[in-house]
Amino acid sequence: MCGIVGYIGKNNAVPVVIQGLQRLEYRGYDSCGIAMMHPEIMNLEKVTGKVSELQSQLAQQKTSSPVAIGHTRWATHGPPTFQNAHPHTSQDGKVAVVHNGIIENYKSLKDGLESSGYVFSSETDTEVIAALISKAYHGNLEEAVREALSHVVGAYGLAIIHQDEPEKIVCTRKGAPLIMAVGDDEFFVASDVAAILHYSKDVIYLGNEEIGILTPSGVTTYSETDEPVDKKIHKITFNLEEIEKGGYEHFMLKEIFSQPQTIYDAMRGRLQPETGTAFLGGIDHMIGSLLHADQRYFTACGTSWHAGLIGEMMFEQFARLPCEVEYASEFRYREPLVDAKSVVFAISQSGETADTLAAIQEAKNREATVLGICNVVGSSIARETEAGVYIHAGPEIGVASTKAFTSQVTVLSLLTLKLARLMGMSKEDGLEISQAMQQLPENVEWVLKQADQIAEIAKLYADASNFLYLGRGVNFPVALEGALKLKEISYIHAEGYPAAEMKHGPIALIDKSMPIVAIAPQDRTYDKILSNIEEVKARHGRVIALATEGDTRIKEIADHVLYVPPALSFTAPILNVIPLQLLSYYVAVERGCNVDQPRNLAKSVTVE
Ligand code: AGP
């Protein structure tokens, strides 16, 4: 969603904030702005559009300032206009606020302020915060922020400056991410470490409702009850190169091609090939609870939810442990049968998804054991869960999730293997699965070699308006994921279906303009999927089939065949999703779409 960056220190804050915003642009990107503090006056610049436009605007003015806060926006309240771009100021122009999140009661607060004569200039919920702070200000910004936020219902990450205290940034969060960082006589606040990594790797994670105060001489933190808190400084271990493109045209392509390594990283030190099992240090002490739970749930959104569907199928098929998958956004509103005997797994790449955080809270309220499968170390979900497993995929910048998905499924496979062995899977079977998992990076490498062929096929289908993805069993969630990837980045309408369901409705859509992607590896449903492909061909549909290396039979009926190495159903989803990621990537490129920053989307969805 929105990105926040703030700087105070010995250098010019403007280029630091601009560079930070550029690194956050993947989170939200419809407009941006910066507020700069000079001893006597506060300056504001905003644009609708990219940070590069803001940068050129500022370059013309040669602006320099030791204190600044900036923002890149993903619109929630009001369209992406100049007026609605952040920072938002109070009516007297003295307070400037950048905000990530949603103020749920903003309308009643706004009505109240308006009835007392306050005039708003934007449609945003954020401007209400600036107004409340201004009203509560009596010479101390942090006190005014605390007072203002006592009236607010909702989620926020905030950085605030006030003209009367020019050497201070106040920041706080509730439900939205925000970190502070410490440099050499310079201090930072950001919604994501990526924004400030170039300057500092020493990060302080702000807790919910804590207040951070940045001045030129240091950083102080106060608890939600206003007690001073001594916060730990965490060392970030990943490098800037990991969040740069490294010669690839897009982050998404880089991330697709990094999967042999990221899958290996997800398994490293965890897969135990000599004994045919796995060890997941972060949740090893929870394995007993998982085995003996009355019910197990996966809760997640989007791509992470697809990983959850695969986890469910694997838990049930191999470990014979019943399991449910819930959209996080539905979980809290449908009175789930979750109690103290349930284990709830939250799956999330970013670890900041508001719906998933809300589902975690719901599960906690019902006294369930809540575990996490996350990518971002130190993220809110990692901190809110009792224990968990990191997927170690490294920063994922492309909005469309690719490497995080395969790493999530790798971790779920390891967990399944561990549980299955404890539930009676033979050592022989465990060894066979471990061996297949060990071969995954090499097999993924093999699939990636078909990128050029996939790019050629993509050219033939880039003008399609609809796509249908078909798969069975564990490949049904893969079909859903393939369809999601295509629609996210190419804006082609696409749907995933269990292959046999086609005849119950979607078959009506098939004609010569409808491409069908059929996931048809040589497993126990192979013959049935071949029949589905025949049904499509009989109606002049065009078929791109995903098949097992060496399968010549399918070549006779499908229009195009993409091959994957032979795989166990344990490792099949990871291999099968790779050609689908590449297909959507090349279709989107062919259509001239912004692959890394597709319209209307945001990398982490921090509003409910
Ligand atoms: C994936 O390509 C999407 N951008 C989106 O569906 C994403 O998976 C979803 O928002 C969940 O995000 P999370 O994994 O960070 O929680």
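Mentor: Let's start with a term: a nonpolar core is a set of buried Ala, Val, Leu, Ile, Met, Phe, Trp, Tyr and Cys residues joined through side-chain atoms within 4.5 Å. Keep in mind that this model is predicted.

Trainee: Which residues touch the most other members of the largest nonpolar core?

Mentor: That core holds 93 residues. The members that touch the most others are F467, Y469 and L583.

Trainee: Which helix gives the most to this core?

Mentor: Look at residues 572-590, which form a helix. This stretch gives eleven residues to the core, and its name is α19.

Trainee: Where does this core lie with respect to the domains?

Mentor: Domain 2 covers 240-438 and domain 3 covers 448-608. Both give residues to the core, so it lies between domain 2 and domain 3.

Trainee: Which residues does L583 touch, leaving out those up to four places away in sequence?

Mentor: Among them are I454, I457 and A458. The others are F467, Y469, V517 and I544.

Trainee: Turning to the ligand, what lies 2.4 Å from one of its oxygen atoms?

Mentor: S304, S348, S350, T353 and E488 are the closest of the 14 residues around the ligand. The 2.4 Å partner is an N or O atom in the side chain of T353.

Trainee: How much of the ligand's area does the protein bury?

Mentor: A backbone N or O atom of V399 is 3.0 Å from a ligand nitrogen atom. Taken alone, the ligand exposes 410 Å². Of that area, the protein buries 91%.

Trainee: Which element gives the most to the shell around the ligand?

Mentor: Two elements, α9 (302-319) and α17 (475-490), give two or more residues each. The one that gives the most, with three residues, is α9.

Terms used. Residues numbered from 1 in each chain as written. Predicted model: local features only at pLDDT ≥ 70, side-chain atom pairs only at ≥ 80, totals over all residues. Heavy atoms only, no water. Buried < 20%, exposed > 50% of the residue type's maximum accessible area, 1.4 Å probe, protein only. Helix = DSSP H or I, 4+ residues; strand = E, 2+ residues; numbered from the N terminus. Domains from an automatic or database assignment. Contact = heavy atoms within 4.5 Å. Near = heavy atom within 4 Å. Polar contact = N/O pair within 3.5 Å; in protein donor to acceptor, adjacent residues only side chain to side chain. Areas by Shrake-Rupley, 256 points an atom, 1.4 Å probe, with all protein chains shown as cover.
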